Every structure is written in C-alpha cells, then in structure tokens.
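This briefing presents a set of structural features for a first-year reader, grouped by topic. Please keep the sequence and the structure in view while reading.

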Amino acid sequence: MMRCAPAPRALIGLLAVLTLATARPAAAQQVTTDASFVVRLSVATLAAIALDGRTGGGRYDVTGELSTRGIVSALSDVHYLGKARGSQAGNRFRPARYDETVTEGGDSKIGALAYSGGVPRPEGFKAEERGDDALAVEGQADTVDPLTAIFMVLRDQPPEEVCPPLRQFVFDGERRTVVELTRVTETADQIVCGGQFRRIAGYPSDARKGQRQVLALEVTYARAGAVMQAQQVRLMTDYGPATLTRQ
C-alpha cells in the first residue's frame, strides 16, 4: 500500500495544527455547522477546507474535506475526507470512530481510529504505516482524533461555550500533541483566544530537526445571531505565519 508522501502528510498535519482547540458543555439543542475555510501561508493559498457537523443530545458527528490549492496543488494534488462521531458530555468530546481517506495523484488509501474504552485502535493504513517511533495506543485514552479537534474549535457554538482554559490532547494514530488555549479579549460581538500548540512525542527523530516544539496560536470568533463562529486561526508554523480564514 502506498505511503503518504512527506509533504502532503506534513500539510495535513499542519492544517490540523491550525485548527486544534476545545469547547465548554454543548447546548441541549442541535446545532448545525456548515462552513468553508481557506488556508494561507503568508500570502500563498495552501488549501480549502469544508466542514459539515452537528452537536446535540449528547452526541456529535462531523465530516471534513480538505483539498490542496495553488502552488501546493501543482506540486502535489491531495484530497482528504474525514468523518468522526462520538459522545459529548460537558466539556468533553469522546470519539467513537474516526475514518479518513487520503487521495494523492489518483491513489487512495483508507485508515481509521476505532475507540474502545477511550483507547484509539488504528485500522487500515494507520495501522500498516505506524513507524518505529509511534506511541503505544494504550496511553492515549485521554485524546481525541484530529478531525474531532478541528470540529471542537470550528463548530458554531453559544458564546458561553467558546474557549475556556483548556489542555486538550490529540492523537493521530502515531503522534501525541497538546493544545492550550484561554480567552484573551471579549466583547459582545467578538472573542479572541490565545495559547499554544505543543508537540509531545511519537515523532521520528529526523523529523524533529528544524521543527518548533511550541507554536503560538490565536483563534478569533465573531457573533452570528445566537452563536459564535470561528472566523480566523493564526499560527506561527515551521514555515512561517499561517492563517485559516472563514469564507
């Protein structure tokens, strides 16, 4: 089975980094999110993201798509499709299953994380391509998958649920990271959260060279009726300043 080329895999990881966060307890009513975003590195467009998700009744489900754009697409045309579902209790999202399909140059591969007792079990290419430095899954029961983390920050949500102090762990099948965010400024129509993304473990030793271990992160929300919507994420990456902007 084809392994994902380093550049596309790094891009998907970068986009996950740009959008990681969490939220406070979900409202009882169902809330639907239908949003699209553009990812830019400096002034260059990297990718487009579409997100379709729901929260309510103690459950959540989300579908996310990512397609490369601009010069990145010319160098390596990558399309990502992910789906995640699980339970939502208080300020916790607990995935039940995460599926992803990555297509590059016409070749596709399918992987998943199936959760049992909170422990993620890799399937498909996520099991077959685990590297020597990949972390044991038994120690990852406190984590969420990358798409769930993306949804936790980009979903439409009531103002009181936006960006409490948090320390949210994420596991992609090999690597463990953590995002720390807190509310920095607040008005009736806008909330800005600041913090950091930190790589913890599971990275190959050669991949650590030249990587920042701690990356500053800022998320801006704006009011849209009764909910707040994520409008922009700013992050200093290994390659320079990046933004994810709602369209």
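In this predicted model, the side chain of Arg199 reaches the backbone oxygen of Arg212 at 2.4 Å. Arg199 lies in strand 11, which covers residues 190-201. The points below begin with this residue and then turn to the disulfide, the nonpolar core, helix 4, Thr55 and the salt bridges.

**Arg199 and its surroundings**

- Arg199 has a relative accessible area of 12%, and because buried means under 20%, this residue counts as buried.
- When neighbours within four places in sequence are left aside, Arg199 is in contact with Arg176, Thr177, Gln211, Arg212, Gln213, Leu215 and Asp238.
- Arg212 therefore appears in two descriptions of Arg199: its backbone oxygen is reached by the Arg199 side chain, and Arg212 is listed among the contacts of Arg199.

**The disulfide**

- A disulfide is a covalent bond that joins the sulfur atoms of two cysteines.
- The structure holds one disulfide.
- The disulfide is formed by Cys163 and Cys193, whose sulfur atoms are 2.2 Å apart.
- Cys163 lies in the loop between helix 4 and strand 9 (168-171), while Cys193 lies in strand 11, so the pair ties together parts that are 30 residues apart in sequence.
- Both Cys163 and Cys193 are buried.

**The largest nonpolar core and helix 4**

- The largest nonpolar core has 48 residues, and those with the most contacts inside it are Leu147, Leu154 and Tyr221.
- Helix 4 (residues 146-154) contributes the largest share of this core, namely seven residues.
- Helix 4 is mostly covered, since nine of its nine residues are buried.
- The buried residues of helix 4 are Pro146, Leu147, Thr148, Ala149, Ile150, Phe151, Met152, Val153 and Leu154.

**Asp145 at the start of helix 4**

- Asp145 is found in the loop between strand 8 (143-144) and helix 4.
- The N-terminal end of helix 4 is capped by Asp145, with a side-chain oxygen 3.0 Å from the backbone nitrogen of Leu147.
- The side chain of Asp145 also makes a polar contact with the side chain of Thr148, at 2.6 Å.
- Which side chain of opposite charge is nearest to Asp145? That side chain is Lys126, at 9.0 Å; Asp145 is buried yet has no salt bridge.
- With neighbours within four places in sequence left aside, Asp145 is in contact with Tyr60, Ala84, Pro95, Tyr98, Leu113, Tyr115, Val170 and Phe171.

**Thr55 in strand 2**

- Thr55 is found in strand 2 (residues 44-56).
- Thr55 is buried, with a relative accessible area of 4%.
- Leaving aside neighbours within four places in sequence, Thr55 is in contact with Gln29, Gln30, Val31, Tyr60, Gln88, Phe93, Phe151 and Arg155.
- One of these contacts, Gln88, is 33 residues from Thr55 in sequence and 7.9 Å away in space, C-alpha to C-alpha.
- Another of the contacts of Thr55 is Phe151, which is one of the buried residues of helix 4.

**Salt bridges**

- Side chains of opposite charge can pair when their charged atoms come close.
- The structure holds 15 salt bridges.
- Glu129 and Lys109 meet through their side chains in a salt bridge, at 3.0 Å from N to O.
- Glu129 lies in the loop between helix 3 (125-128) and strand 8, and Lys109 lies in strand 6 (residues 107-116), so the pair ties together parts that are 20 residues apart in sequence.
- Both Glu129 and Lys109 are buried.
- Asp61 forms a salt bridge with Arg54, and the closest N and O atoms are 2.6 Å apart.
- Asp61 counts as partly exposed at 29% relative accessibility, and Arg54 is also partly exposed, with a relative accessible area of 23%.
- A further salt bridge joins the side chains of Arg155 and Glu161, at 3.2 Å from N to O.
- Arg155 is buried with a relative accessible area of 1%, and Glu161 counts as buried at 3% relative accessibility.
- Asp52, Arg54 and Asp61 are joined into one network by salt bridges that share partners.

How values were computed: Residues numbered from 1 in each chain as written. Predicted model: local features only at pLDDT ≥ 70, side-chain atom pairs only at ≥ 80, totals over all residues. Heavy atoms only, no water. Helix = DSSP H or I, 4+ residues; strand = E, 2+ residues; numbered from the N terminus. Buried < 20%, exposed > 50% of the residue type's maximum accessible area, 1.4 Å probe, protein only. Contact = heavy atoms within 4.5 Å. Core = buried A, V, L, I, M, F, W, Y, C linked by side-chain atoms within 4.5 Å. Polar contact = N/O pair within 3.5 Å; in protein donor to acceptor, adjacent residues only side chain to side chain. Disulfide = S-S within 2.5 Å. Lys, Arg positive; Asp, Glu negative; His and termini not counted. Salt bridge = Lys/Arg side-chain N within 4 Å of Asp/Glu carboxyl O.
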